[in-house]
Amino acid sequence: MTLYIGRESSKLWKRICAEVVTEINLLAANWKYLLAGLVGQYIHGLAARGVHYIHRPGPTLQDTGFFLLPELGEERAYISETLFTFIFLSFVLWTFHPFIFKSKKIYTVLIWCRVLAFLVTCQFLRILTFYSTQLPGPNYHCREGSRLARLPPPETVFEALVIVPRGVLYGCGDLIFSSHMIFSLTFVRTYQKYGTQRFIKQLAWMLVVIQSLLIVASRKHYTVDVVVAWYTVNLVVFFIDKKLAELPDRTATSLLLPLSTKDKDSKTKEENHKLLNGMSGDPADRRQRTQVNGKILEDGNTVVHADATMNGA
């Protein structure tokens, strides 16, 4: 038992090391795209905090979702955030699964380049919409009478540039459309295309629908914020995905990973098998061959029959 565990641990460590080398090479080639995506996340957070300075609390707007869904209340508003955290962390862990598991269909660096392209495009559209019109926030800390509904002007440049944690947890005014739905829909659509487990795909879509209802029930957003996110994010991902180069499928090619000893042996055996059966690796050498009484005819040339030779013919 100890020997088995030690052998499997050694295999896992070799697999992790091989993945690290491969991903470092990909990172060296694509770091500019990842950096641009991360900078885009910061700019989006900075814009969301900036609109909070000009937010003005007011009466909650009439909303169909507020009539249909009972309000969770401030003490149960964490349920929506908990589900979003679960979706977020689950997707992040899935993108790093090639480091551990044998089934490798994606490269971590390449999948995140793609995901960040979707996120940044959606967030740019989101910035345009919530700066166009500021709506009174329906969230509990954004309503009239809350000390967090309005932010005093920043006293220093450092205060204006820092967005964590208050800018993330207690934002107001950045409503249309929901940032939580941008992340969730982008993650689910990505797994829908590159994931392998059908049950997880169905579960993921069900969780996003539940999250949409919880966002409205917890009064974090108006219903319009969720509805606009559903069709905007799906359209953005659809069109951007068509423009980007397709990811290499690791189940079909292993160009980025060196062949293991086992793979080399298998390849050698396959080549020997082809040679024994008269199949050459060179397409130009694949001539038509016909077997007659133990002799082979090539390129239409007649071979003298063995019986005829014995009879002196």
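Biologist: Is Arg114 buried or exposed in this model?

Modeller: Arg114 counts as buried, because its relative accessibility is 4% and buried means under 20%. Keep in mind that this is a predicted model.

Biologist: Where does Arg114 lie?

Modeller: Arg114 lies in helix α4.

Biologist: Which residues are in contact with Arg114, leaving aside its neighbours within four places in sequence?

Modeller: Contact is read from heavy atoms within 4.5 Å. Arg114 touches Lys193, Tyr194, Asp241, Leu244, Ala245, Glu246 and Leu247.

Biologist: Now the nonpolar side chains. What is the general idea?

Modeller: In soluble globular proteins, nonpolar side chains tend to be buried together.

Biologist: How many residues are in the largest nonpolar core here?

Modeller: The largest nonpolar core has 41 residues. Trp94, Ile111, Trp112, Met181 and Val233 have the most contacts inside it.

Biologist: Which helices each supply at least two residues of this core?

Modeller: They are α1, α3, α4, α7, α8 and α9. Helix α4 gives the largest share, with ten residues.

Biologist: What is Trp94 in contact with, beyond its neighbours within four places in sequence?

Modeller: Trp94 meets Ile106, Ile111, Thr190, Tyr191, Tyr194 and Gly195. There is also a second, separate core of six residues. Among them are Leu72, Ile87, Leu214 and Ala217.

Biologist: Let us turn to the surface. Which residues make the nonpolar surface patch?

Modeller: Leu27, Trp31, Leu35, Val39, Tyr42, Ile43, Val157 and Leu161 make it. The patch covers about 740 Å². Helices α1 (2-53) and α5 (157-161) each supply at least two of its residues. The most comes from α1, with six residues.

Biologist: How should I read Val39, one of the patch residues?

Modeller: Patch residues need over 30% relative accessible area. Val39 is placed in helix α1. Its relative accessible area is 40%, so Val39 is partly exposed.

Biologist: Next, the backbone. What kind of peptide bond joins Ile176 and Phe177?

Modeller: Look at omega. For this bond, omega is about 0°. The bond between Ile176 and Phe177 is cis. Phe177 lies in the loop between α6 (166-169) and α7 (179-194).

Biologist: What is phi of Arg219?

Modeller: Check the sign, then the residue type. Phi of Arg219 is near 65°. That is a positive value in a residue other than glycine.

Biologist: Where is Arg219, and is it buried or exposed?

Modeller: Arg219 sits in the loop between α8 (198-217) and α9 (223-243). Arg219 counts as buried, because its relative accessibility is 6%.

How values were computed:
Residues are numbered from 1 along each chain as its sequence is written. This is a predicted model: local features need pLDDT of at least 70, side-chain atom pairs count only at pLDDT 80 or more; totals for chains, interfaces and linings use all residues. Side-chain values use heavy atoms; hydrogens and water are left out. Patches are made of residues with over 30% relative accessible area and no salt bridge: like charges are joined within 9 Å, nonpolar side chains (Val, Leu, Ile, Met, Phe, Trp, Tyr) within 5 Å. Accessible areas come from the Shrake-Rupley method with a 1.4 Å probe; for residues, only the protein chains shown count as cover. A salt bridge is a side-chain nitrogen of Lys or Arg within 4 Å of a carboxyl oxygen of Asp or Glu. Helices (H or I, at least four residues) and strands (E, at least two) are DSSP runs, numbered from the N terminus. Buried means under 20% relative accessible area, exposed over 50%, partly exposed in between (1.4 Å probe, protein chains only). A nonpolar core is a set of buried Ala, Val, Leu, Ile, Met, Phe, Trp, Tyr and Cys residues joined through side-chain atoms within 4.5 Å.
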